[in-house]
Amino acid sequence: MSVEVQTGAQPLDASPSGRVIVDRALVARLKLSDVSFRIALTVAPLIYVALIVALFLMLAKGSSEAFAKFGLSFTWNSVWNPVTGQFGGLPFIYGTIVSSFLALLLAAPVGIYAAAYLAEFAPPLLSKTLGFMIELLAAVPSVVYGLWGLFVLAPIIRNYFGPAVQSVLGFLPIFQGPIYGIGMLTAAIILSIMILPTVTAISRDLIQAVPAAQREGSLALGATRWETVQNVLLPYVKTGIFGALVLALGRALGETIAATMVIGNRPHISASLFAPGYTLASVIANEFTEATSSIYTSALIELGFLLFIVSLIVNGVARLMLWTIMRQR
Amino acid sequence: MIATPPQSADGAEQTDFKAENVTAYYAGRPACRDITLTFPPNSVTALIGPSGCGKSTFLRCLNRLHEEIPNATVDGVVSLNGTNIYDKGFEPIVARRNIGMILQKPSPFPTMAIWENAVAGLRFSGRSVGHKEQREVAERVLREANLWEEVKDVLDRPGVSLSGGQQQRLCVARAIAVRPRILLMDEPASALDPISTSRLEDLVVELSKEMTIIIVTHNLQQAARVAKNTAFMLSGEERVGELIEVGTTDQIFTRPNDKRTEDYITGRFG
Amino acid sequence: MAEVTASRSVKVRHMMSTLGTAGTAFCAGLASGLLLLLLVYVTIQGIGALNPSFFFDVPKPVGVPGGGVGNGILGSTIMIGIAGLLSAPIGIGCGIYLANFGRGPAAAGVRYLSDVLAGIPSIAIGLFAYTLFVQPFGHFSAFSASVALGILMLPLIVRTTEEAFRAVPSEIREGSLALGLTTFSTTMRVLLPAARPLLATGLILAIARVSGETAPLLFTAFGSQFWETNPFAPMAELSLQVFTYAISPYAEWHRIAWGGALVLIVVVFLLNVAARVVIKPVAKSR
C-alpha cells in the first residue's frame, strides 16, 4: 500500500498524504551517475599501473639487443668501447655503488644526529625553521648542485683538501693518485648533501613519534637527555632509520646531473677516491645523444634498465620497511 | 511498550516509523543486537545509555548511513509507513531524503555560504532549482530553524563563520530543507554551550510538533526536558548493545521496570 | 638505587652528554648552513648575469654580446605546463579513488607502487619517454619531455590529493550523505571544494619538483638555440641550458649558467614557500 511509484518531475520528498513517493526516473539517474562515477574513477589508477608496467616493458625491450649480444657478462665486463662495439657495464655499476654508499656514509651520521637535535633538543621555533631549511635542500635542482660542485668544491679538493689528506693518509690506496678535483670523492660529497634531507626528515619524524613513556622512563632512571637519545630513542627507531637510509641510498643511486658534472666521466675502476669514475646515470646522460649505432643505444638503455631494476628493489624494500613501521603505530 | 498513537485531531501527518530486530555489524561483529522500537509520530523519542552501548550505531541504521562504513552491515527491518527501507531495490538516498540527520559536531559545508548551506540538499539533488526558489527555501528553513533573525543580513558569509550553536541550527535548517518526516539527532548539543543547548532544545520541541524526532543523548536532563518517550540501551560483556527498556520519559525516570535502567538513571554507572 | 652506567663518574657522563648534544646541534647547523651557503654563493655568482638580455634573448655564440636564456624560460613554462595538463587528471583521479574507494589490497597496492615510482631515477623515466615518443617519430620533442616530467609529477599529485581529501573532516562527508546526496555529488560538490586548497598545494609542489629536472630532458626535449613554441619540436629548457653552459669551457657561458641557477633556485624556493607557508594555514583554518 505504501510505496506509490510515480515518474516525472515529482520530488523524492514527503507528501501530505504520508506515503513515500519515489521518483523512479530521478533515482535511476542518480544511481547511474554514481555507478559511472565509480567506473570513471577506477580508470585513473588503472592507467597509473599500466604506465608503470609499460615503463618496465619498454626499458626491457630497449635493452634486448644488447642483452642478446652480451648476456649476463654485461654486468662483469669492464670494457666500454663504443668504437669497437664492446660494451660492459662493470665500471658504471662500480661507480654507482661506490659513490652512493660513500655518500650514505657521509650523510647518515650528520642526518641522524641533526634529526635528533631537531626532535629532542632544539626549541620548537628553531626546530621548525632549521627543519624547513633542511627540507629546502631537497628542492634545490640537481644542476645547481653540479654547478657548485664543479666550480667551488672541486677546486677546494684539488687545491686544499686533497693535498692535505694525501700528505697525512697518502699511504692508503684510497687516497693515492693524482688529484683532479673532480672524482669519486667530490661526487660522493655532493650526493651526500643531496640525500641529507631524506635522512633527516624521516629520522626526525621517527624520533618524534617515539612514545613519551620511553623518554620519561629513561630520564626517570637518571639518564641525561643525550643518553636518552643515544641509548633509548635511536635504538627504538633503528629499523625505521634503516629504512630511511635505504631510501636515501635509492636517491643517490639515481642521481644524474650533479654526479655527471663532478665525477669525471671516465669508465675505469680505480681504488682511489680522488680518481674520476662513472655512474650508470652519468654515462647515459653523457653519451645517449651521441650513440651512433643501435647496439650502442641498446647498451645504454640496458644500463638504464639495470638502474631501474636496482632502484625498484631498493625503493621497494625501503618502502616496505617504512610502511611496516608506520602500521605499527 | 508504547501504544500506537491515534491520528492527531488537527490532521498533521502521522508517519509510522519503527525498527524491528535491527542488528548492526562492523565487519561481522555486532555492535547492537535485535533492537525493536516504535517511534511515535510528531514527538521526540530519546535514546539514552552509557557511551559505547551502540546508540549512535543504531541511529545510523535508521537512515542507512551505517552501511557507508566499509564492511559494515545491517540485519533487520526499518519500516517507514510500512515500507522497509532495507528492501532490495530501495535506494539508500531515498531513505536519507525522508529521514534526516543532525550530527554531533556542527558541520556546515566549509566552502559554502550560510544560505548555500541551507539549500545544499536541494541544489545537489540532481534536479535544477532556480536561484530565486533557492533563496526562498533558504529563508523559509532558516526561519523554521530559528536562525533567520540572526543571519538575515549576512547570508553570504561562510557557514563556518557562525558560532557553534548557530552552526548546529544551520545544519538543522539544511536537514529540514529537504522535508524529511523523521529527524535523527546524534548528541546534537554535546559540543555546545548551555545557552546554545537550550535554544537547540527549544527548536527540537517546536519541530517535533510536525516531525518525528529521535535524539541520542547521554545527558539525562536533556532527555527529560525534550523527550516524550525514552528508550534505554546497554551493552553487556560482549560489548553488544541491547534495548533494555522503553516507555514514556516520565515512567522511565520515575518508575523504571528494569533494575539496570534504574541504576543508570540514578547514576550508579555510566 | 640502580645505576644506569656503572663506574663512570657523573662528571664524565655530564661532559659526554654536553659534547653529544653539541654534536647534534653541529650537525643540524651544518645541514641548514649548507643551504645558506648554497643560496648565498649562487646569488653572488649569478646576480651579475641578470639583465634584460638574459631574460629576453636567445643564446648567442661565444664572443657575441648579449645572449640569454629567454627561450629556455619559455620552454620550461611550456613543457611543465603540458606536463601538468597530462598528469593532473590522472593524478587527481587516482587520489580521489584512493581517498574515497581505496580500501583493501588493490588500493594498498596502488599506493605502494606510487611510492616506489617516486624513487625511480628520472633518467630511466626519460629513457621510457624516449622509447615511446622520440624513437618512433625520429625526432626530439618538448612533448616527450612533458610526458617524462608528467610521470615524475604523478606520485606527488596522487599522494597530496589523497591527503587533501582525507583532511576534510569526516562529519562533512557524513552530513552530505545524510542529506541524501549521492556519492558523486558528495565527492565532487562538497568534498572537492573543501579539499581544493590542499589540492592546489600538491600541484604547486609537483611543479616545483620538476622545475629543476634536467636528466630526462637530455634526450627528449634535447634543447634548442631558438625560440620555439611547437611542442612537437625540440625545445630549450632553462635547467638544460644551465647544464650545457656549465660544462662548456667558456667563462662567459659559466656566468650565464650561474644566472640561470639563481633563477631556478628562486623559482623553486618561491613555489615551495608558497605551497607550505601560504596555502596550508588557509586550509587549516577551515
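# Briefing: domains, chain contacts and packing

The centres of domain 1 and domain 2 of chain A, taken over C-alpha atoms, are separated by 47 Å. The model is predicted. Chain A and chain C are in contact through 73 residues of chain A and 67 residues of chain C. Chain C also meets chain B, with 18 residues from chain C and 24 residues from chain B. Two helix pairs and one strand hairpin complete this briefing.

**Domains**

- In chain A, domain 1 covers residues 3-62. Domain 2 of chain A covers residues 70-328.
- In chain C, the domain assignment gives domain 1 as 2-47 and domain 2 as 53-285.
- The C-alpha centres of the two domains of chain C are 36 Å apart.
- Contact between the domains of chain C involves six residues of domain 1 and five residues of domain 2.
- On the domain 1 side of that contact, three residues are nonpolar, three are polar and none is charged.

**Chain A with chain C**

- The contact joins 73 residues of chain A to 67 residues of chain C.
- Helix H1 of chain A (residues 24-70) supplies the largest share of the chain A side, with 18 residues.
- The chain A side holds 51 nonpolar, 17 polar and five charged residues.

**Chain C with chain B**

- Here 18 residues of chain C touch 24 residues of chain B.
- Two elements of chain C give two or more residues to its side: helix H7 (170-178) and helix H8 (183-211).
- H7(C) gives the largest share of the chain C side, six residues.
- The chain C side has nine nonpolar, four polar and five charged residues.

**Helix pair H7(C) and H8(C)**

- The two helices that feed the chain B contact also pack on each other, with axes that come within 10 Å and cross at roughly 155°.
- Angles over 145 degrees count as roughly antiparallel, and H7(C) and H8(C) are therefore roughly antiparallel to each other.
- Their crossing is right-handed.
- From H7(C), the contact uses Ile172(C), Arg173(C), Ser176(C) and Leu177(C). From H8(C), Thr186(C), Val190(C), Leu191(C) and Ala194(C) meet them.
- By class, this contact has five nonpolar, two polar and one charged residues.

**Helix pair H5(A) and H8(A)**

- Helix H5 (residues 184-208) and helix H8 (residues 238-254) of chain A pack at an angle of about 155°. Their axes are 9 Å apart.
- H5(A) and H8(A) are therefore roughly antiparallel to each other.
- H5(A) crosses H8(A) in the right-handed sense.
- The H5(A) side includes Leu191(A), Met194(A), Ile195(A) and Thr198(A). It continues with Val199(A), Ile202(A), Ser203(A) and Leu206(A).
- The H8(A) side includes Gly240(A), Ile241(A), Ala244(A) and Leu245(A). It continues with Leu247(A), Ala248(A), Arg251(A) and Ala252(A).
- The contact divides into 12 nonpolar, three polar and one charged residues.

**Strand hairpin in chain B**

- Strand S9 (residues 229-235) and strand S10 (residues 241-248) of chain B pair in the antiparallel sense. The pairing runs over seven bridges.
- Within the pair, Ala231(B) of S9(B) stands opposite Val246(B) in S10(B).
- S9(B) and S10(B) form a hairpin with five residues between the strands.
- Arg239(B) sits in the turn and has a positive phi of about 60°.

Definitions and conventions:
Residues are numbered from 1 along each chain as its sequence is written. Chains are lettered from A and ligands numbered from 1 in the order in which they are written. This is a predicted model: local features need pLDDT of at least 70, side-chain atom pairs count only at pLDDT 80 or more; totals for chains, interfaces and linings use all residues. Two residues are in contact if their C-beta atoms, placed from the backbone, lie within 7 Å. Helices (H or I, at least four residues) and strands (E, at least two) are DSSP runs, numbered from the N terminus. Ala, Val, Leu, Ile, Met, Phe, Trp, Tyr, Cys and Pro count as nonpolar, Asp, Glu, Lys and Arg as charged, and the others, Gly among them, as polar. Two strands pair if DSSP finds at least two bridges between them. Axes are lines fitted to C-alpha atoms, for helices over the stretch in contact, and angles run from 0 to 180 degrees between N-to-C directions. Angles under 35 degrees count as roughly parallel, over 145 as roughly antiparallel, 65 to 115 as roughly perpendicular and the rest as oblique. A crossing is left-handed if the near helix is turned anticlockwise from the far one by less than a right angle, and right-handed if clockwise. Domain bounds come from an automatic or database domain assignment.
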